[in-house]
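User: Could you take a close look at one part of this model for me, the packing around its aromatic side chains? I would like one connected account that I can follow with the structure open.

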Amino acid sequence: IAPSAIRSYRISVLTRRQFLKLASVLPVSHWPSLGRARTSTTVAVVGGGFGGATCAKYLRKLDPSLRVVLITPHSRFVTCPFSNAAIIGLRPIGSLTQNYASLTRKHGVTVIHAEAKELDPIQNRVLLSNGTVVAYEKLVLSPGIDINTQAIRGYTRGATRVFPHAWIAGQETEALRTRLHAMKDGGLVVISVPPTPYRCPPGPYERASLFAYYLKLHKPKSKVLILDANNTFTKDDLFLAAWKELYPEMVEWVPLSEGGEVIEVDAAKGVVRTHFDEYKPALGNIIPPQNASQIARVAGLDAGTGWCSVNPATFESLVHKSVYVIGDAALANPMPKSAFSANSQAKVCAAAIVAALRGRSQNDSLLLNTCYSLVTPDYGISIPAAYRGNAGQLRVVPQSAITSPADAPASYRALEATYAKAWYSNIVADTF
Ligand code: FAD
């Protein structure tokens, strides 16, 4: 937090162009020299992914008199959901690319393409990378994750070119796709899984499954080795049974207890090391540990833990009042860090903000999530759950978490794959 830095952005030091930009996003009352009445209450939302875009839209739906300013760096957003399918060529990466035109045109959200650089939760202001200051009554942060490059020895920024993680969709998704398709038959693919919590708990195992599906068709002498920093994983009985049935000999899972944790990479030699072994894969997909994106951490919202604690009934930060954190950056156990969770939390958060602005409190929340995973394009498995947030705790609603049956016929798996694709279309439509 550097309020002094923000305070130095007085009107007197602005150029005319900067001033006009500023005037377009600031409630007038924050600038006494303008001396005019404020027109509307501003809610600023940082991050235009699943949590932020949903929250901005639903704030305007719940209260059209609000001025909602969505701050996000790029005019396009590539979704992680279905990026595993795109990597193996089941769909073009372009089909995962979303934009903000409908949020602006249909829902009246003001979108600014810039990065939030500093927060001033005392004076309720955000300083942006383009020099603009946005003043707010309420602030929502949904900035997603940062990759913790310190957690694995040798995993420098340069090493990501040799061992792309593709855990933030975009260029790395393209890079991993190119590398997989260029790989010679008979090569070893290593996928490393970080310790929980991390974005999308079933994601690495879906990736291993779809890579195996692709390799079985095109490079059948190849192998997928999963080096895991955990001993169990979500839907593990279903994934393990599917691998045994569909990809025997091709997929191998090494849990933490058998030395699965990757502790070092040597990008120059192309080598991956665990506590006991060393591998030289043809393709190394290293997914490192993660934490809440930097803007949440520099503001101290994570209290030094890497993730931001929140009141689960509202998603208001436990560190700063009037600041809300949703999506992957929030500590919302037992909800997984997923797009569905971020979308659900965004709606609860939007309702809580509107209630608070009207002087009412929100003491209870009901949240939903379903994680679908594809084992092949026609073989889907899922785990749904409902969550209740009150009295400072988030709990699974009893009887709501029921995974796909272990003994389901192929027609059931095919139906779940269809549901997974329909889920993607629906969530994208609801968010953007
Ligand atoms: P994001 O969606 O990542 O959005 C964060 C946004 O904030 C980004 O646009 C970023 O650029 C922006 N930002 C960051 N810092 C700043 C700043 N300082 N200023 C302004 N903007 C900033 N989830 C599912 O539910 N189903 C799935 O099938 C699924 N599949 C997945 C597959 C893979 C391979 C992966 C990696 C993830 C998958 N997920 C899935 C998880 C899902 O992608 C995330 O949980 C979800 O994107 C989290 O939403 P978010 O809003 O927290 O972050």
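Analyst: Happy to. A residue counts as buried when its relative accessible area is under 20%, as exposed when that area is over 50%, and as partly exposed in between. Please keep in mind that this is a predicted model.

Let's start with F82. Its relative accessible area is 13%, so F82 is buried. F82 belongs to the loop between β3 and α4, and its phi is near 70°, a positive value in a residue other than glycine. For context, most residues other than glycine have a negative phi, and most peptide bonds are trans.

What does the ring of F82 pair with? The partner is Y424: the ring centres are 5.1 Å apart and the planes meet at 45°. Planes under 30 degrees apart would count as stacked and planes over 60 as edge-to-face, so at 45° the pair of F82 and Y424 is tilted. The two rings come from distant parts of the chain, with F82 in the loop between β3 (76-78) and α4 (83-87) and Y424 in helix α12 (residues 410-431), 342 residues apart. Y424 is buried as well, because its relative accessibility is 4%. By the ring-centre rule, with centres within 6.5 Å, the count comes to 12 aromatic pairs.

Other ring pairs join into a group: Y205, F233, F239, W243 and W253 are linked into a cluster. To see where part of that cluster sits, turn to two helices. Two packed helices are described by the angle between their axes and the distance between the axes. Helix α8 (residues 203-218) packs with helix α9 (residues 236-246) at an angle of about 10°, and their axes are 11 Å apart. Angles under 35 degrees count as roughly parallel, so α8 is roughly parallel to α9. On the α8 side the contact is made by Y205, E206, A208, S209 and K216, while α9 contributes F239, W243 and L246. By type, the residues of this contact divide into 5 nonpolar, 1 polar and 2 charged. Y205, F239 and W243 are thus named both in the ring cluster and in the helix contact.

F239 deserves a closer look. This residue of helix α9 has a relative accessibility of 0%, so F239 counts as buried. Not counting residues up to four places away in sequence, F239 touches P202, Y205, E206, S209, F233, T234, S373, V375 and I381. Of these, Y205, E206 and S209 are also α8 residues of the helix contact, and Y205 and F233 are also cluster members. The C-alpha atoms of F239 and A406 are 9.8 Å apart in space, with their places 167 residues apart in sequence.

From there, step over to Y372, in strand β22 (residues 364-376). Y372 is partly exposed, since its relative accessible area is 25%. Leaving aside neighbours within four places in sequence, Y372 is in contact with E206, K235, I381, S382, E416, Y419, A420 and W423. E206 and I381 also appear among the residues that F239 touches. Y372 lies 6.7 Å from I383, C-alpha to C-alpha, and the two are 11 residues apart in sequence.

Aromatic rings also have charged partners here. The charged end of K61 sits over the ring of Y58, 5.8 Å from its centre. The charged end of K337 sits over the ring of W307, 4.0 Å from that ring's centre.

A few backbone details may be handy while you have the model open. T196 and P197 are joined by a cis peptide bond with omega about 0°, and P197 lies in the loop between β11 (188-193) and α8. A cis peptide bond also joins N333 and P334, with omega about 5°; P334 is in the loop between β21 (330-331) and α11 (339-357). S322 is not a glycine, yet its phi is positive, at about 70°. S322 lies in the loop between β19 (308-309) and β20 (323-325), and its relative accessibility of 15% is why S322 counts as buried.

Note on methods. Residues are numbered from 1 along each chain as its sequence is written. This is a predicted model: local features need pLDDT of at least 70, side-chain atom pairs count only at pLDDT 80 or more; totals for chains, interfaces and linings use all residues. Side-chain values use heavy atoms; hydrogens and water are left out. Axes are lines fitted to C-alpha atoms, for helices over the stretch in contact, and angles run from 0 to 180 degrees between N-to-C directions. Helices (H or I, at least four residues) and strands (E, at least two) are DSSP runs, numbered from the N terminus. Angles under 35 degrees count as roughly parallel, over 145 as roughly antiparallel, 65 to 115 as roughly perpendicular and the rest as oblique. Contact means heavy atoms within 4.5 Å. Ala, Val, Leu, Ile, Met, Phe, Trp, Tyr, Cys and Pro count as nonpolar, Asp, Glu, Lys and Arg as charged, and the others, Gly among them, as polar. Rings of Phe, Tyr and Trp (its six-membered ring) pair if their centres lie within 6.5 Å; planes under 30 degrees apart count as stacked, over 60 as edge-to-face and the rest as tilted. Buried means under 20% relative accessible area, exposed over 50%, partly exposed in between (1.4 Å probe, protein chains only). A charge sits over a ring if NZ of Lys or CZ of Arg is within 6 Å of the ring centre and within 35 degrees of the ring normal.
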